[in-house]
Amino acid sequence: MSMFLYLGLPPLAIYALVSRYLLKNPHHLHKRKQPAFYCTHISHRGGSGERIESTMEAFTHAVEQGTEMLEMDCHLTQDGYVVVSHDENLKRQTGQDVNISSLNLEELPLYNESLEVTFHAGHHSTGTDRKIALLEDVFRKFPQIPISIEIKENNQQLMQENSSMPYSFSMKRGVLVLLLFYIGLLPFVPLGESLLQFYLPRIINRTYIPEKGILRKRLIVSLIDKITMRKSLFKHLAARGIQVHLFVCNEHKDIKEAFELGVTGVMTDYPSLLSSYIQTYRSQH
């Protein structure tokens, strides 16, 4: 044991010191990414707390409120059109138990007149636009607005690779980054991703009620919060030019806590609320 301590501890101590230094100063090993966009204000499903989610009206309203990125999900219709919808099955959104992939574009039903905000249980949104939007129309109307797209199905026709397109961490890659962070290897590892988007865990069971029973346990959520919400990790990624977005922050205190954790951007269902917070914060600093 004494021989192990004599031979093993010095290299471990040096490794820990170098890792800690490079965690705070990643520019010594990694060239900072230069993204084409930098977004502090992100609207989840186009701001589904203020207009019906994922509609052109929601996207337009969010942009008018100052959002810098629109977040949305996509599916493919039977006749090959890419449409914006969180769900493949339209029961929740339209009241009709049908899948988008089984319908042609002109057969898609309208959204309900009122929709509950998924990440703000008990709250609903309305709007005059109830039509499921074409992704192409979103691109055409907002050519200068960055768009975060989550593809909800493993469909090669829907997914097209573009090596110049910035992309987010997958769940598996996110877990790997967390593991590397805790064992001290993260500062030494190159990362191709440009965005990390993750839950603010403390909203779970308060404004968002998950379907999975395990996430309804307070102890589990508290553990996830303690493990993942690490300011030093977020600051390291930001120093490498990797944007960190936390979602879905629908109350003032959640927005405040997210920014205090050192994230570069916050995703919300309430774009006007987030704009108000950012303006107030900037005026005070």
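**Close-ups of a predicted model**

**View 1. Glutamate 193 and its arginine partner.** Glutamate 193 counts as buried, since its relative accessibility comes to 3%. This is a predicted model, so read every contact here as a computed one. The side chain of glutamate 193 meets that of arginine 173 in a salt bridge, at 2.7 Å from N to O. Arginine 173 sits in helix H5 (residues 171–183), while glutamate 193 is in the loop between H5 and strand E7 (195–199), so the pair ties together parts that are 20 residues apart in sequence. Is arginine 173 buried or partly exposed? At 29% relative accessibility, arginine 173 counts as partly exposed.

**View 2. Glutamate 53 with two arginines.** Here we look at glutamate 53, which is buried, with a relative accessible area of just 2%. One salt bridge runs from glutamate 53 to arginine 45, side chain to side chain, at 3.3 Å (N to O). Arginine 45 is buried too. Another salt bridge joins glutamate 53 to the side chain of arginine 92, at 2.8 Å (N to O). Which parts of the chain does that second pair tie together? Arginine 92 belongs to helix H3, and glutamate 53 to the loop between strand E1 (41–44) and helix H2 (56–64), so the link spans parts that are 39 residues apart in sequence. Arginine 92 itself is partly exposed, its relative accessible area being 32%.

**View 3. Aspartate 87 and its neighbours.** Pan to the loop between strand E3 (82–84) and helix H3 (91–94), and you'll find aspartate 87. Its relative accessibility is 13%, so aspartate 87 counts as buried, the cut-off being under 20%. The side chains of aspartate 87 and histidine 86 are joined by a polar contact of 2.5 Å. What else does aspartate 87 touch, leaving out residues up to four places away in sequence? The list is His75, Arg92, Gln93 and Ile100. Zoom out a little for the wider wiring: a network of salt bridges links Asp87 with Arg45, Glu53 and Arg92. For the overall tally, the count comes to twelve salt bridges.

**View 4. Helix H7 and the glycine after it.** Helix H7 covers residues 231–239, and its buried residues are Leu233, Phe234, His236, Leu237 and Ala238. A reminder for reading this view: an α-helix has 3.6 residues a turn, so residues three or four places apart point the same way. In H7, Leu233 and Leu237 are among the buried ones, and so are Phe234 and Ala238. After H7 comes glycine 241, with a positive phi, near 85 degrees.

**View 5. Where domain 1 meets domain 2.** The domain assignment splits up the chain as domain 1 (31–40 + 167–284) and domain 2 (52–62 + 72–162). Taken over C-alpha atoms, the centres of these two domains are 24 Å apart. How many residues of each domain are in contact with the other? Domain 1 puts in 14 and domain 2 puts in ten. Together, domain 1 and domain 2 bury about 950 Å² between them, with carbon and sulfur atoms giving 65% of that area. On the domain 1 side, the touching residues divide into nine nonpolar, three polar and two charged. Don't go hunting for salt bridges between domain 1 and domain 2, as the count is zero. What you can look for is six residue pairs in polar contact between the two domains.

Notes
Residues numbered from 1 in each chain as written. Predicted model: local features only at pLDDT ≥ 70, side-chain atom pairs only at ≥ 80, totals over all residues. Heavy atoms only, no water. Buried < 20%, exposed > 50% of the residue type's maximum accessible area, 1.4 Å probe, protein only. Helix = DSSP H or I, 4+ residues; strand = E, 2+ residues; numbered from the N terminus. Domains from an automatic or database assignment. Contact = heavy atoms within 4.5 Å. Buried area = accessible area lost by both parts, 1.4 Å probe. Salt bridge = Lys/Arg side-chain N within 4 Å of Asp/Glu carboxyl O. Polar contact = N/O pair within 3.5 Å; in protein donor to acceptor, adjacent residues only side chain to side chain. Nonpolar A, V, L, I, M, F, W, Y, C, P; charged D, E, K, R; others polar.
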